[in-house]
Amino acid sequence: MSAKVNPDLQKERNTATFVPEEFTIWWKGGKKKYEQLLALEDIFLNDPELKDELPISYMSQKELYEHAIRKSVRIAEKIREIRNNGEDNVDTYNALLGGSLGTALLKESNPMALHFVMFVPTIMGQGTMEQQVEWLPRAWDCSIIGTYAQTELGHGTFLRGLETRADYDEKTQEFVLNTPTLTAYKWWPGGLGHTANYAVVVAKLYTKGEYRGLAPFIVQVRDEETHMPLPGIDIGEIGAKLSMRSVNQGYLGLKNVRIPLNHMLMKNQQVLPDGTYVPPKNSVLTYGTMMFVRVALVRDAAMALAKASTIACRYSAVRRQSPIDPNEPEPQIMEHTTQQLKVFPIIAKAIVFKANGENIWNMYNNITAEVEKGALERLPEMHALSCCLKAICSADAAAGVETCRLACGGHGFMDSSNFPTLYGMATAVCTYEGENTVMLLQTARYLVKVYGQALNGVQLVPTVAYINEAIKTKQFRSFDGSLESIVRAFQFVAANKVRIAYERIEQYRKQGHGPEVAANMCGIELTQAADLHGRAFLASSALYEMTKLASQSSKALGEVLKVILELYLVDACLNRLGDFLRFIDLTDNDVGNLELRLQSCLKRLRPNAVAMVDAFGIHDRILDSALGVYDGNVYEKMFEEAKKSPLNQEPVNQSFHKYLKPFMKAKL
């Protein structure tokens, strides 16, 4: 931050009615975590070896990977130092590998991230105690680098379609792994291209000639000394992508690769030396690792929206354009109601997603603890909820980043705005860890199942209990526009969407169609039902969590949070107005009042908008945007970034003498 702050931005901060740091402490997870994060930022952001003198957008793919490896090793060395001092915890890894600090250090992601995010957790979650003792010390110390290879060239979210197979050879007590076709090649694992020397490979398991289901295997892919691919291993990088360009995502082909029996992770299912297969106690135990990642992605969506709205909001305070009153000077574009409508709901959504992310994270931990004790009843509920929230929050995050980019006009198109990277990272989430439409369909199958149970008088678990209520009441009464009635309306609409999906599937089944065919014919109804279920949960959770947060905050901050909550719920309602009108007797007056309340929320948030995004506490290095710098010196920063272009390092480019001049001087 420079000593000189843009006066328009400073004026916004001076008019704020609350102290931003109070909110920052909540946003960062409490005072202790906030202080730890500040300490981490000091350690890593001030390390000269972790700074980029040249914007990475000017690097070739090869240069970028080598640059990323150098920095990722430096980060790992510093993590090792922190761990040796006994100062590391899960938040350290979250911040540096999946969090915003990590993206500040490696803008296009860390090629070693999957080692910590998937390889290590999979061994912890699916390995026996003996396997954990064997593998985890080496993995934690990074004496081996691993990745997680599940997705294939021909199949991703549909796991039963995976082709890689592992056949057990009883004579040698080894598994023989093969990718029998080109489409069976593993495709997309981060770090697989040239970084990792081990991988957890998910393959179809065969013992005694019978297919047993999918299983995870630890496979060495490169020599530990030379890093050369081992015999039978065909490995490399998949090429350039929309974003995450330094992750070194790779492909993997296997031809008669033999691994020992104990390289199959056997916590939940086992193969005995004689080839006898011992299945898992419950198939839902396979939800674990993927569910963990999907729950974490909800919090990542909140951070993406926080970054995007911070850039757009600060820029909206600095940029002056288009007089509202022809007789007055050009105003800050934040004065335009249409600009407020673009940016302010994104701020609200970031905060609501954060509150929901913490809620579902706690729910996940509670249900995981129940599973460890053998209580599996709520695992399907958690799986269904994590699927639809992953889909909704990632889709909304990608759309929100794009809305904020458009709110910055042409300058938002510049790489120096950081919107291209933000959008690339946000939209990637829509397809990894489960493609969004498939995620919604998984949730919908659960909803249709429990709807049938509710019709038979079964009292459903908490997140779908609203279906019982809707079946009982059949008609929505008294929409008075209160936040409580908006939440109840969301639940009623969601229940009716589930009802329609259920009834249409039943109708097709009575016509002789099998359940899978009937479900495909109702795909639109099913995805809509799952989407509304997720949004009903978000609305209900937002009302509870944000009301609680407001009551625990100072009066000044509490009032702002109430506006944030109202803005989120009213905007969410208006965005689903067609569904509301279908199932609820809303009058023209009801809709008009909602529209006026939306405008009122924008007006009431206006004095605190900049303070609110400041309260996200995002360091300039993490935001990495010329348009969103804390001091508001946007145009100076844009010009400074433009001058870094390699094309500006010489007054005349050689192409002039080689091509342009001969062409221009040529006689016709």
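**Notebook: strands, loops and helices**

I started with a bridge between two strands, and I found that in β8 the residue paired with I235 is L252. I note at the outset that this is a predicted model, and I read every entry below with that in mind.

I then followed the two strands that carry this bridge: β7 and β8, the latter spanning residues 250-254, pair in the antiparallel sense over five bridges. Looking for further partners, I found that the sheet is an open one of three strands in the order β4-β8-β7, with antiparallel pairing. Its edge strands are β4 (186-187) and β7 (233-237), each of which pairs on one side only.

I next looked up M244, which sits in the loop between β7 and β8. Its phi is near 55°, a positive value in a residue other than glycine. Is M244 buried or exposed? I recorded M244 as buried, because its relative accessibility is 14% and the cut-off for buried is under 20%.

For a second positive phi I went to Q173, in the loop between β2 (165-169) and β3 (174-178). The phi of Q173 is likewise near 55°, and Q173 too is a residue other than glycine. Here the relative accessibility is 38%, so I entered Q173 as partly exposed.

I turned to R222, placed in the loop between β6 (210-220) and β7. R222 is buried yet has no salt bridge, and the nearest side chain of opposite charge, that of D234, is 8.9 Å away. Which residues does R222 touch, not counting those up to four places away in sequence? I listed G193, H194, A196 and N197, then H227, M228, P229 and L230, and finally I235, the residue whose bridge partner in β8 opened these notes.

Another strand pairing came from β1, which runs in the parallel sense with β5 (residues 198-207) over four bridges. Within that pairing I looked up T147, whose bridge partner in β5 is A199. I also checked how the side chains of β1 (residues 146-149) are directed: G146 and Y148 point one way, T147 and A149 point the other way, and all are buried.

Moving to the helices, I asked which residues of α5 (residues 90-98) are buried, and found T92, Y93, A95, L96 and L97. These buried residues of α5 pack against α3 (31-45), α4 (61-84), α6 (100-105), α7 (113-126) and α8 (129-140).

In helix α12 (residues 419-428) I looked up A426, which counts as buried because its relative accessibility is 6%. Leaving aside neighbours within four places in sequence, A426 is in contact with S394, A397, A398 and V401. I also noted the C-alpha separation of A426 and G400, which is 9.4 Å for two residues 26 apart along the chain.

My last entry concerns the surface, where V652, F656, L660, F663 and M664 form a nonpolar patch with about 520 Å² of accessible area together. From this patch I singled out F663, found in helix α24 (residues 654-665). I entered F663 as exposed, because its relative accessible area is 64% and the cut-off for exposed is over 50%. As background to the spacing along a helix, I added that an α-helix has 3.6 residues a turn, so residues three or four places apart point the same way.

Note on methods:
Residues numbered from 1 in each chain as written. Predicted model: local features only at pLDDT ≥ 70, side-chain atom pairs only at ≥ 80, totals over all residues. Heavy atoms only, no water. Buried < 20%, exposed > 50% of the residue type's maximum accessible area, 1.4 Å probe, protein only. Pairing = 2+ DSSP bridges. Patch = residues over 30% accessible without salt bridge, like charges linked within 9 Å, V, L, I, M, F, W, Y side chains within 5 Å. Areas by Shrake-Rupley, 256 points an atom, 1.4 Å probe, with all protein chains shown as cover. Salt bridge = Lys/Arg side-chain N within 4 Å of Asp/Glu carboxyl O. Contact = heavy atoms within 4.5 Å. Lys, Arg positive; Asp, Glu negative; His and termini not counted.
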